[in-house]
Amino acid sequence: MNEETKSTGNQPETVMTGTSLWKDAWKRLLKNKLSVFGLVVMSIITFAVVFGPMIIKATTGLTPDYIPADGNLIQSFPPSWQHWMGTDEAGRDLLSRVLQGGRISLMVGIISTFVSLIVGVSYGAIAGYMGGRIDNVMMRIVDIIYAIPYILIVIVLLSVFGGQNTPDWIESLAGIFGGGAGRSQIFLLFFSLGLVSWLTMARVVRGQILSLKNQEFVLAARATGVSTPKIIFKHLVPNALGPVIVYATLTIPSVMLTEAFLSFLGIGVQAPFASWGSLAADGIKNIAIFPWQLIFPGVTMALTLFSLNFLGDGLRDALDPQTRKF
Amino acid sequence: MLKFILKRLLIIVPMALLVVTLTWGLIRIAPGNFYSTERQLPPAIEANIKKKYGLDQPWYIQYGKMMGNILRLDFGDSLKYQGQSVNEIIKRHFPYSATIGILAYLLALIVGLFAGIVAALKQNSFFDYFSMALAMLGLSVPNFVIGPILVLFFSLGLYWLPPARWGGPLYLIMPVITLSAIYMAYIARLTRAGMLEVMRSDYIRTARAKGLSETTVLLKHGLRGGIIPVVSFTGPALASLLAGTVVVEKVFAIPGLGNIFIQSVLNRDEPLILGIVAFLSILIMIFNLAVDISYGFLDPRIRYE
C-alpha cells in the first residue's frame, strides 16, 4: 500500500524536485532533534510495552497479577532491585503492571485514532469531492456534532453500558476482540473515543481535497473514465496523506489523555484490565505513604505523551506545506 | 449581526433537546435501573416504584413528559437525593466548579498570552525554547498527575497549602493551577504561532511604515490578529474545562458539579443526569456563540450574514 501511494500520490512533486516528498520529509524530521528524541523514546516504550511483560516473566517469574504467597510480602514496597518500580498494596510488581497498562493505553490510543482516521478521511474526502449541496449538508452535520459537549455523552455511554449492564449485542460485538469480562468495556472505549475524534479529521481532509480536486491529474483521471470512488480514494486521498498523518499523530496523545481521564474516574478501563489512568487512580489514594504508586504510571504516561507530541510537531514541520515556508 | 445572534440563539434550543434526547436514549437502552443498584426487590415493590415514577407507562409518554419538564426548565426531583430538586442541586454545586473553571482559564490566558507573545517576539531565544518546552510538558502531563504532585510538595512536604477541600483563597491555589496547566500550554503555543504569522503580514508592515511605535504596532495591530486562534480555542476549551474540573474536584475533594454529575451517572439518577446535561450544554453553546461574536470585534475582515 505504501509503495503504491508513493508512486500514484506524488507524481507532480517527483517531477519537479527529483526527490520524493516522503524522503524529503524524513530528512527534515531527522534534522529535528526533539522529534528524533520522541521517535527513539516511543520506539523504546512500544518495545517495552509489547515485550516487557514477557521478559519480566521469563527472568523473575513475576506477572502483572502475581500476588506473593508469603503474607509478609503483601504490602507496598518502595522501588528495589527486584521490583524496579516497587509493588502495590497487594504486593504485585508495579513495573509489570505499568507495562501491561501501557499495552491497553497505547492500544486504546492507536485503535481509536484508527477509527477516527477511517471515518474522518472517508467523510471529509467525500464531502470535499462531491461539493455543492452534499458538502453543505455533510459539513453542517459536523458543525452540529461539534457543538455537543461530547464528554458528557461519553461519560453517560461508558458508565451506563459499563460493568454488569453491558447489553448482549455489545458483548457479542466485543467478542471479535476475544470477548470476556472487561473486554467489552475496552471495546466501548475504542468506539466512543473514535466516535468523537473524527470530526477535526474530516475538516482537515475536506480542506485538502477542496484544494486538490481541480488539479489536472483529477481531470485526467476523470477523462479516462475512472469511477468516482476510485478518484476519491486512489487519487485524491493519497495526496492529502501528509496532513492526515500529522493530525493522526497528534490525535493519539489526546485520545490517550481522554482515556486516562475516564479510567481515572473509574469509568474507563476496568478490572481485571488496567491502564495508566486506572493505575494512577489507584495510586492517588495512597499518595502520602506510597508515592511511587502514582508517580511511576503517571510519569511513564507523561513521557509517552511528551514524545508523541514532539513527534507530531516534528512531522507537521516536515510535512505541512503551510509551515514549510518559514 | 443581530439576525446572526438571534438565529444562533434559536438553534440552541433544538440542539440542547437533541443532546438531552441522546442522553435519555442511552440511559434507557442500557439494561438496569436506578433502583437495581440496590438489593433485589420483591416484584410487588418493584411495580410500586415503577408506578410512582411513571415507568410503567409507554416510552413515548415518558419521553414527552421529560421533554415537557425540560422545556419548562424544571427537571423534577433527584431520585437518589430524596426530596431535593435537580435545580437546587445544580444551584448549590455549580458555583464551586464555575469558580475554579473561570479562575483557571483567566490564569491560563494571562500566563499563556504573555509567554506566547514574548516567545514570538524573541523567536529562537532562550526564553522561546524554554517556555515552549515547558508548554509541551504542560500538554503532556495529565492533570491527575500534576495535582497530586503539587499536594505532595506544598501540603505534605512544605505544609504551605491545605491539601484538599473548600475554604479560603488558599484552598483555591492548587486546584486552579492544576486545572489551568494544559490550557496555559495550549494558549502559549497558539499565541506564539498566531503572532509569528501576523507579524509577517502586510498590515503590520503598513503600520510600521506609518511610523507607529513598536508597542502600538504590537498591542493594537498585532495582538488583535494574533490572538484569533486563542479565541477559537476558547470554545472547545470550555467543553474540556468541564472534564478537567471533574478530575480536579476528585483530586482535591471539592463538592462541585462535576463530581455530582459522575455520581448521578453511576447512580442512574435520571432527572439529575438530564438536568446537568441540559444545563451544561446550553452553557457551552452560549459561550460558543459569544466566542463567534467576538471574532467580529477582533478581525474586521470577518463578516456575518
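Let's start in chain B of this predicted model, at a spot that is easy to miss: B:R268 sits in the loop that links α11 and α12 of chain B. Its backbone does something worth a look, since B:R268 has a positive phi of about 60 degrees although it is not a glycine. Is B:R268 buried or exposed? It has 22 C-beta neighbours inside 10 Å, so B:R268 counts as buried.

One loop earlier along our tour there is another case to set beside it. B:A253 lies in the loop between α10 and α11 of chain B, and B:A253, not a glycine either, has a positive phi of about 50 degrees. Here the surroundings give another verdict: B:A253 counts as exposed, because it has 12 C-beta neighbours inside 10 Å.

Now let's see how the two chains meet. On the chain B side, 40 residues are in contact with 33 residues of chain A. Which elements of chain B give two or more residues to that side? They are α1 (2-29), α5 (126-140), α6 (143-157), α10 (228-251), α11 (257-267) and α12 (270-298) of chain B. The top contributor is α10(B), which gives 8 residues to the side of chain B that touches chain A. If you sort that side of chain B by class, you get 32 nonpolar, 6 polar and 2 charged residues.

Nonpolar residues come up again when we look at the core. In soluble globular proteins, nonpolar side chains tend to be buried together. In this model, the largest nonpolar core has 153 residues, and those with the most contacts inside it are A:A125, A:A280, B:Y183, B:I187, B:I276 and B:V277. Helix α7 (residues 170-198) of chain B brings the largest share of this core, with 15 residues. To get a feel for one of these residues, click on A:A125: leaving out residues up to four places away in sequence, A:A125 touches A:V205, A:I209, A:I232, A:L236 and A:V237.

Let's move over to chain A as a whole. How many helices and strands are there in chain A? The count is 15 helices and 0 strands. Chain A has 326 residues, and buried residues make up 47% of them. Its contacts reach far along the sequence, too: among contacts in chain A between residues at least 6 apart, 69% join residues at least 24 apart.

For a single example of sequence-distant residues, take A:L199, which is found in helix α9 of chain A. A:L199 has 20 other C-beta atoms within 10 Å, so A:L199 is buried. The C-alpha atoms of A:L199 and A:Y123 are 9.1 Å from each other, with the two residues 76 apart along the chain. Apart from its neighbours within four places in sequence, A:L199 is in contact with A:V142, A:I145 and A:Y146.

How do the helices of chain A pack? Two packed helices are described by the angle between their axes and the distance between the axes. Stay with α9 for a moment. Helix α9 (residues 183-212) and helix α12 (residues 241-264) of chain A have axes that come within 10 Å and cross at roughly 155 degrees. That makes α9(A) and α12(A) roughly antiparallel to each other, and their crossing is right-handed. Among the residues making the contact are A:L193, A:M201 and A:V205 of α9(A), with A:V244, A:Y247 and A:V255 of α12(A). The contact of α9(A) with α12(A) divides into 9 nonpolar, 5 polar and 1 charged residues.

A second pair is helix α5 (residues 94-130) and helix α14 (residues 292-319) of chain A, whose axes come within 10 Å and cross at roughly 40 degrees. These two, α5(A) and α14(A), are therefore oblique to each other, and α5(A) passes α14(A) in a right-handed crossing. Their contact includes A:G101 and A:G102 of α5(A) and A:W292 and A:F296 of α14(A). By class, the contact of α5(A) with α14(A) has 6 nonpolar, 5 polar and no charged residues.

Our last pair is helix α10 (residues 216-223) and helix α11 (residues 228-236) of chain A, which pack at an angle of about 140 degrees with their axes 11 Å apart. So α10(A) and α11(A) are oblique to each other, and the crossing is right-handed. The residues in contact are A:F217, A:V218, A:A221 and A:R222 of α10(A) and A:I231, A:H235 and A:L236 of α11(A).

Note on methods:
Residues are numbered from 1 along each chain as its sequence is written. Chains are lettered from A and ligands numbered from 1 in the order in which they are written. This is a predicted model: local features need pLDDT of at least 70, side-chain atom pairs count only at pLDDT 80 or more; totals for chains, interfaces and linings use all residues. Two residues are in contact if their C-beta atoms, placed from the backbone, lie within 7 Å. Helices (H or I, at least four residues) and strands (E, at least two) are DSSP runs, numbered from the N terminus. Ala, Val, Leu, Ile, Met, Phe, Trp, Tyr, Cys and Pro count as nonpolar, Asp, Glu, Lys and Arg as charged, and the others, Gly among them, as polar. Axes are lines fitted to C-alpha atoms, for helices over the stretch in contact, and angles run from 0 to 180 degrees between N-to-C directions. Angles under 35 degrees count as roughly parallel, over 145 as roughly antiparallel, 65 to 115 as roughly perpendicular and the rest as oblique. A crossing is left-handed if the near helix is turned anticlockwise from the far one by less than a right angle, and right-handed if clockwise. A nonpolar core is a set of buried Ala, Val, Leu, Ile, Met, Phe, Trp, Tyr and Cys residues joined through C-beta atoms within 7 Å.
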